[in-house]
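Colleague: Could you walk me through this one before I start looking at it in detail? I would like to go over the folds, the contact and any odd spots.

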Amino acid sequence: MEEHKDDVGSKIGMWIFLLSEVILFGGLFILCTAYRYKFRGDFHLAAMELNRILGTLNTVILLTSSLTMALSIASIRKDSRASSFGYLAATVFLGLLFLGNKYIEWSAKVGHGIYPNSPDLLGRSSGEVLFFGLYYAMTGLHGLHVLVGVGLLSVMCFFVVKGRIKKTDFILLENSGLYWHLVDIIWIFLFPLFYLMT
Amino acid sequence: MEQSNRIQSATRRTYVIVWVGLLMLTGVTVSVAGMDLGQLGVLVALTIAGVKSCLVFLYFMHLRYERGFFFKLIIPVTVLLLVLFIGMVFTDIAFR
């Protein structure tokens, strides 16, 4: 029996899913911007407390992981499975590095008594409570996406080794790459929103 | 299966150039944030983020090389949708 394959169709399906992700995060962006407008002073104070160096480092890490992801697909197109695997493994490593940084950053915040519903935070003004609530919710949801991406790309590593992803059939890798780049794009907007606009 | 191979793709060199561009834009947006530009700073930060995301969409996500109606429309439709949402929310907040 002949197997039915439609790569363009499957890519369109992926893009529609990614569009729904944009709308999901877009809603949160609107919420954040609306509250920033309402509590400008509090948001300014709270944003000053975020670690801009760690935020910038994580931006560089994610941008680099997008490069290795793109290079992994370029390699499989050239039928070079070993380098495709290498770039993919590097992408997974960079994703884990991002999450490690996020862990350090969140731990420092929790160590200072800033976490949702903490007595310390509840003693502050309502704008600051909102800022940190949105900070945890949005970077948390994004971090969850990175975690899912790391899992997905690990499975793709396995598929590349097994030869299920190959020069003539790499749509799974292509679509996983699209997902990974979208997670990167979301961070491109989260970074200025929380770390830079003070 | 030939379908996906027929689609053109960027070269490795292009990817590296795009990556360097993204890092440079990150440097610019961080240094601009160090200056006190007030409301203009928000505009600059969002513009740079927009340019960066376009680079990722067009090159890393290959939209520049895709053919077909759907792929040409996906970004404009997404942007339009978000502008509509944001515009409606902000007219509500501003004229309340």
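## Working through the two chains

Modeller: Happy to, with the caution that this is a predicted model. One place to begin is α4(B), which bends by about 30 degrees at I75(B), with a proline, P76(B), following within four residues.

Colleague: How many residues does helix α4 of chain B have, and how far does it reach from its first C-alpha to its last?

Modeller: Helix α4 of chain B runs over residues 69-94, which is 26 residues, and it reaches 37 Å from its first C-alpha to its last, close to the 38 Å expected at 1.5 Å a residue.

Colleague: And is α4(B) mostly covered or hardly covered?

Modeller: Hardly covered, since among the 26 residues of α4(B) the count of buried residues is one.

Colleague: What does the rest of chain B look like in terms of helices and strands?

Modeller: Chain B has four helices and zero strands, so that its pattern along the sequence reads α-α-α-α. The radius of gyration of chain B is 18 Å, well over the 12 Å that the globule rule gives for 96 residues, so chain B is more spread out than a compact globule. The box filled by its C-alpha atoms, taken along the principal axes, is roughly 55 × 30 × 10 Å, and 21% of the 96 residues of chain B count as buried.

Colleague: Which domains does the assignment give for chain B?

Modeller: The domain assignment gives domain 1 (1-65) and domain 2 (67-96), and the centres of these two domains of chain B, taken over C-alpha atoms, are separated by 20 Å. As for the contacts in chain B with a separation of 6 or more, residues 24 or more positions apart account for 53% of them.

Colleague: Switching to chain A, how many helices and strands are there?

Modeller: Chain A has seven helices and zero strands. Its C-alpha atoms fill a box of roughly 65 × 30 × 25 Å along the principal axes, and of its 198 residues 38% count as buried. Among the contacts in chain A between residues at least 6 apart in sequence, 78% join residues at least 24 apart.

Colleague: Where does the kink in α7(A) lie?

Modeller: It lies at L190(A), shortly before the proline P192(A), and amounts to about 25 degrees. The end C-alpha atoms of α7(A) are 37 Å apart, which agrees with the 38 Å that its 26 residues should span at 1.5 Å a residue.

Colleague: Is α7(A) mostly covered or hardly covered?

Modeller: α7(A) is mostly covered, with 24 of its 26 residues buried.

Colleague: On to the contact between the chains, then: how many residues does it take from chain A and from chain B?

Modeller: The contact takes 35 residues from chain A and 31 residues from chain B. On the side of chain A that touches chain B, α1 (7-38), α3 (52-77) and α7 (171-196) of chain A each supply at least two residues. The residues of that side of chain A divide into 23 nonpolar, six polar and six charged.

Colleague: Now the backbone angles. What is phi of D79(A)?

Modeller: D79(A) has a positive phi of about 65 degrees although it is not a glycine. D79(A) is found in the loop between α3 and α4 (81-111) of chain A, and it counts as exposed because it has 10 C-beta neighbours inside 10 Å.

Colleague: And what about phi of N117(A)?

Modeller: N117(A), also a residue other than glycine, has a positive phi near 70 degrees. N117(A) is found in the loop between α4 and α5 (119-122) of chain A, and with 8 other C-beta atoms within 10 Å N117(A) is exposed.

Colleague: One last spot: how far apart in sequence and in space are H44(A) and T198(A)?

Modeller: H44(A) and T198(A) are 154 residues apart in sequence, while their C-alpha atoms are 4.6 Å apart in space. H44(A) lies in helix α2 of chain A and is partly exposed, with 15 other C-beta atoms within 10 Å. L45(A) is also placed in helix α2 (residues 40-48) of chain A, and its C-alpha atom is separated by 18 Å from that of P119(A), 74 residues apart along the chain.

Notes. Residues are numbered from 1 along each chain as its sequence is written. Chains are lettered from A and ligands numbered from 1 in the order in which they are written. This is a predicted model: local features need pLDDT of at least 70, side-chain atom pairs count only at pLDDT 80 or more; totals for chains, interfaces and linings use all residues. Two residues are in contact if their C-beta atoms, placed from the backbone, lie within 7 Å. Ala, Val, Leu, Ile, Met, Phe, Trp, Tyr, Cys and Pro count as nonpolar, Asp, Glu, Lys and Arg as charged, and the others, Gly among them, as polar. The expected span of a helix is 1.5 Å times one less than its number of residues. The bend at a residue is the angle between axes fitted to the seven residues ending there and the seven starting there. A residue is buried if 20 or more other C-beta atoms lie within 10 Å of its own, exposed if 12 or fewer, and partly exposed in between; C-beta atoms are placed from the backbone. Domain bounds come from an automatic or database domain assignment. The radius of gyration is taken over C-alpha atoms; the globule rule is 2.2 Å times the number of residues to the power 0.38.
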